[in-house]
Amino acid sequence: MTTPNKTPPGADPKQLERTGTVREIGSQAVWSLSSCKPGFGVDQLRDDNLETYWQSDGSQPHLVNIQFRRKTTVKTLCIYADYKSDESYTPSKISVRVGNNFHNLQEIRSCRWKRLSSKQDTSHTCLQERGVKAPSP
């Protein structure tokens with residue numbers, strides 16, 4: 001059972017946004033990637049099309065940096081991956097870090113990604129209801 005302040009595990013982020021439970025704030029940030037193959041960058045990562053995706057093109061760790069221009073409270077971070085389609089490209093660990101700039105980031109949450117095969121289990125909430133303030137760069 002969930003409370004009005006909690007996002008249910010495996011919930012559809014788009015449905016939660018339509019009902020006003022969550023608000024997508026990614027457009028307020030500057031996104032960058034540690035690497036990407038041509039045609040598989042930030043635009044594909046953020047386009048809401050499940051057929052397009054980010055594909056890294058370099059050594060690990062693979063990073064997605066999300067920098068807000070001012071201090072921003074982030075309560076929920078939803079990540080979509082489809083192991084059935086991605087196979088070895090699906091992350092096994094996700095680290096959420098905050099800080100004032102890239103050089104003073106501190107890990108506040110680490111999540112292990114289970115290798116799931118059913119479509120309903122592909123949305124993963126890594127950061128939920130913690131009220132983390134992500135300082136601006």
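The legends below describe an overview and several close-up views of one predicted model.

Residues are numbered from 1 along each chain as its sequence is written, and side-chain values rest on heavy atoms, with hydrogens and water left out. Because the model is predicted, local features are reported only at pLDDT of at least 70 and side-chain atom pairs only at pLDDT 80 or more, whereas totals for chains, interfaces and linings use all residues.

**View 1. Overview of the chain, with three helices and six strands.**
Read along the sequence, the elements follow the pattern α-β-α-β-β-α-β-β-β; helices (H or I, at least four residues) and strands (E, at least two) are DSSP runs, numbered from the N terminus. Of the 137 residues in the chain, 23% are buried, where buried means under 20% relative accessible area, exposed over 50%, and partly exposed in between, with a 1.4 Å probe and protein chains only. The accessible surface comes to about 9,700 Å², of which 48% belongs to carbon and sulfur atoms; such areas come from the Shrake-Rupley method with a 1.4 Å probe, and for residues only the protein chains shown count as cover. Among the contacts with a separation of 6 or more, 55% are between residues 24 or more positions apart, a contact being heavy atoms within 4.5 Å.

**View 2. Confidence along the chain, from strand 1 to strand 6.**
The mean pLDDT, which is the predictor's confidence in each residue on a scale from 0 to 100, is 76 for the chain, and 72% of the residues score at least 70. Confidence is highest in strand 1, at a mean of 94, and lowest in strand 6 (residues 123–134), at 51. Two segments stay under 50: residues 1–5, for which the model has two contacts beyond four places in sequence, and residues 118–122, for which it has eight such contacts. Where pLDDT is low, the predicted coordinates should not be read in detail.

**View 3. The salt bridge between Arg46 and Glu24.**
A search of the whole structure finds one salt bridge, defined as a side-chain nitrogen of Lys or Arg within 4 Å of a carboxyl oxygen of Asp or Glu. Its partners are Arg46 and Glu24, whose closest N and O atoms are 3.0 Å apart. Arg46 belongs to helix 2 and Glu24 to the loop between helix 1 (13–18) and strand 1 (29–33), so the pair ties together parts that are 22 residues apart in sequence. Arg46 is partly exposed, at 27% relative accessibility, and Glu24 is also partly exposed, at 33%.

**View 4. A nonpolar surface patch formed by Leu45, Val64 and Ile66.**
Together these residues have about 190 Å² of accessible area. Patches are made of residues with over 30% relative accessible area and no salt bridge, like charges being joined within 9 Å and nonpolar side chains (Val, Leu, Ile, Met, Phe, Trp, Tyr) within 5 Å. Leu45 lies in helix 2 (residues 42–46) and is partly exposed, with a relative accessibility of 33%.

**View 5. The aromatic pair and the surroundings of Gln55.**
The chain has one aromatic pair, counted where ring centres of Phe, Tyr and Trp (its six-membered ring) lie within 6.5 Å, with planes under 30 degrees apart taken as stacked, over 60 as edge-to-face and the rest as tilted. Phe40 and Tyr53 form this tilted pair, at 5.2 Å centre to centre and 40° between the planes. The pair links distant parts of the chain, with Phe40 in the loop between strand 1 and helix 2 and Tyr53, 13 residues apart from it, in the loop between helix 2 and strand 2. Phe40 is partly exposed at 26% relative accessibility, as is Tyr53 at 39%. Gln55 is found in the loop between helix 2 and strand 2 (64–68) and is buried, at 12% relative accessible area; leaving aside neighbours within four places in sequence, Gln55 contacts Ser35, Cys36, Lys37, Phe40 and Tyr89.

**View 6. Backbone features at Asp48 and Pro61 in the loop between helix 2 and strand 2.**
Asp48 has a phi near 65°, a positive value in a residue other than glycine, and is exposed, with a relative accessible area of 58%. Further along this loop, a cis peptide bond joins Gln60 and Pro61, with omega about 5°.
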